[in-house]
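Visitor: I would like to go through this structure with you. May I put some questions as we look at it?
Guide: Certainly; please begin when the structure is in view.

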Amino acid sequence: MGLAASQARFLNLTARKTNLEYEGQQINQQRTTLANQSANIYNQMLTLSVPTPPSETSFQTIQYNFTYGGNSYSINQVTGKDSDATVLTTETYTNNYAMNESSNYVTKNGSQYYVGSSELKLVSTSTDTGISDAANDIKNGMQAAWDADVAAGIRSAKTIKTSDIYYVNVGDEKNPVYRYYFTTDVTNATYNADNKSTVTTYTAGSKTEYAQKSFKNAIITRDANNRIVAINHSNLGSTSLSVTSTTIKDQAAYDDAYNEYEYQTYLYEQKMNAINAETSVIQAQDKKLELRLKQLDTEQNAISTEMESVSSVVKKNVEDTFKIFA
């Protein structure tokens, strides 16, 4: 190879090597960009909160209950010292004044009235002042029944008193079943030859009612687990009443929280799947650039070897050319 040819070859190799170095720089720049994108995706992943399922204990409360006078009480709040506490409760009791209409034969016998073998009695022969709560409930229920008939055009308006109401036990003494009559219906009844007449009667239905009650200066007793086991108050008979505890779970709230957890889990998985997909694309692109960089490195090593060979030829040609006249 001549001097000129050797120099041309050396320059060509130098240009190729320069191009390879430039392409390598471009690839490194692209890999740096991919690394920055990967870092951004990783930072996004760090901002995600992993959903945690709701704890059932977070939706459980301890309900304290006791009974007194046939009614049940649930404790809503206890404030102050246990030796001098203020206890807020909800009293649950049954009120028998919802009247259900029915019909029954009434037998007339002299001045007394009978249903079967049971004697009719007045709910009260006195005025309505000072009557019992039970009698008052019956009166209110019968008043509502009368008013319903007034609205239907069957009766004329009237204020019902307990002395306007008969009652009869159609059960027995151990298991009484009471029926109630308006006295006017009984006294104005027209009886047939068998001394019988059908008169409208009413049975008292039960209705559960609630009342908020507060007990001040109450004495609270607790067990080793700090749970209330007894309460004492003058309005509760001044005796230590046993208190039971029941764990109540708000199932509806727990179900709502668990549904929200499943929804958040779905969103979290969607975001993680998107991040993993983006990461996979970046990794594939980076792998491709890495392989290309290795190819460039191999080519550069080959060119460097050839350039050393050509350089030796050029050097020899220079020596041979300029030492002719030596």
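Visitor: How many helices and strands does the secondary structure of the protein chain come to?
Guide: The protein chain has 4 helices and 12 strands. Please keep in mind that this is a predicted model.

Visitor: What pLDDT does the protein chain average?
Guide: The average pLDDT is 86, and 93% of the residues score at least 70.

Visitor: Where is confidence lowest, and where is it highest?
Guide: The lowest confidence falls in strand S4 (residues 112-115), with a mean of 73, whereas strand S11 (residues 241-242) is highest, at 96. As a general caution, predicted coordinates should not be read in detail where pLDDT is low.

Visitor: Turning to overall form, what radius of gyration does the protein chain have?
Guide: The radius of gyration is 50 Å, while a compact globule of 326 residues would have one near 20 Å. Along the principal axes, the C-alpha atoms fill a box of roughly 170 × 55 × 35 Å.

Visitor: How far apart in space are Val-313 and Ser-55?
Guide: Their C-alpha atoms are 83 Å apart, with the two positions 258 residues apart in sequence. Val-313 is placed in helix H4 and is partly exposed, because its relative accessibility is 30%.

Visitor: What share of the residues is buried?
Guide: Buried residues account for 26% of the 326 in the protein chain. The exposed area of the chain is about 20,900 Å², of which carbon and sulfur atoms supply 48%.

Visitor: And the contacts: what percentage join residues at least 24 apart?
Guide: That figure is 65%, taken among contacts between residues at least 6 apart in sequence.

Visitor: On to the aromatics. How many aromatic pairs does the count come to?
Guide: The count is 9 aromatic pairs. One of them joins Tyr-73 and Phe-215, whose ring centres are 6.1 Å apart; their planes stand at 65°, so this pair is edge-to-face.

Visitor: Which parts of the chain does that pair link?
Guide: The pair links distant parts: Tyr-73 belongs to strand S2 (residues 71-81) and Phe-215 to strand S9 (residues 196-222), and the two are 142 residues apart.

Visitor: Is Tyr-73 buried or exposed, and what about Phe-215?
Guide: Tyr-73 is buried, because its relative accessibility is 5%. Phe-215 is also buried, at 4% relative accessibility.

Visitor: What sort of aromatic pair do Tyr-254 and Tyr-258 form?
Guide: Tyr-254 and Tyr-258 form a tilted pair, with 6.2 Å from centre to centre and 35° between the planes. Both are in helix H4 (residues 251-322), and because they are 4 residues apart there, about one helical turn separates them.

Visitor: How accessible is each of the two?
Guide: Tyr-254 has a relative accessible area of 12% and is therefore buried. Tyr-258, with 30%, is partly exposed.

Visitor: Which residues form a cluster with them?
Guide: Phe-59 and Tyr-261 join Tyr-254 and Tyr-258 in one aromatic cluster.

Visitor: What lies over the face of Tyr-254?
Guide: Lys-249 does, at 4.2 Å from the ring centre. Elsewhere, Lys-158 lies over the face of Trp-146, at 5.5 Å from the centre of that ring.

Visitor: You mention Lys-158. Which residues is Gln-143 in contact with?
Guide: Apart from neighbours within four places in sequence, Gln-143 is in contact with Lys-158, Thr-159 and Ile-160. Gln-143 is in helix H2 (residues 133-151), and its relative accessible area of 16% makes it buried.

Visitor: Lys-139 next: is it buried or exposed?
Guide: Lys-139 counts as buried, at 15% relative accessibility; the cut-off for that class is under 20%. Lys-139 is placed in helix H2. Residues up to four places away in sequence aside, Lys-139 touches Asp-128, Ile-160, Lys-161, Thr-162 and Ile-165.

Visitor: One last topic, the backbone. What is phi of Asn-217?
Guide: Phi of Asn-217 is near 60°, which is positive in a residue other than glycine. In general, most residues other than glycine have a negative phi. Asn-217 is found in strand S9 and is exposed, with a relative accessible area of 56%.

Visitor: And where does Asn-226 lie?
Guide: Asn-226 lies in the loop between S9 and strand S10 (228-232). Asn-226 has a positive phi of about 65°, although it is not a glycine.

Terms used: Residues numbered from 1 in each chain as written. Predicted model: local features only at pLDDT ≥ 70, side-chain atom pairs only at ≥ 80, totals over all residues. Heavy atoms only, no water. Phe/Tyr/Trp six-rings, centres within 6.5 Å; stacked < 30°, edge-to-face > 60°. Buried < 20%, exposed > 50% of the residue type's maximum accessible area, 1.4 Å probe, protein only. Lys NZ or Arg CZ within 6 Å of the ring centre and 35° of its normal. pLDDT = per-residue confidence, 0-100. Rg over C-alpha atoms; globule rule 2.2 N^0.38 Å. Contact = heavy atoms within 4.5 Å. Areas by Shrake-Rupley, 256 points an atom, 1.4 Å probe, with all protein chains shown as cover.
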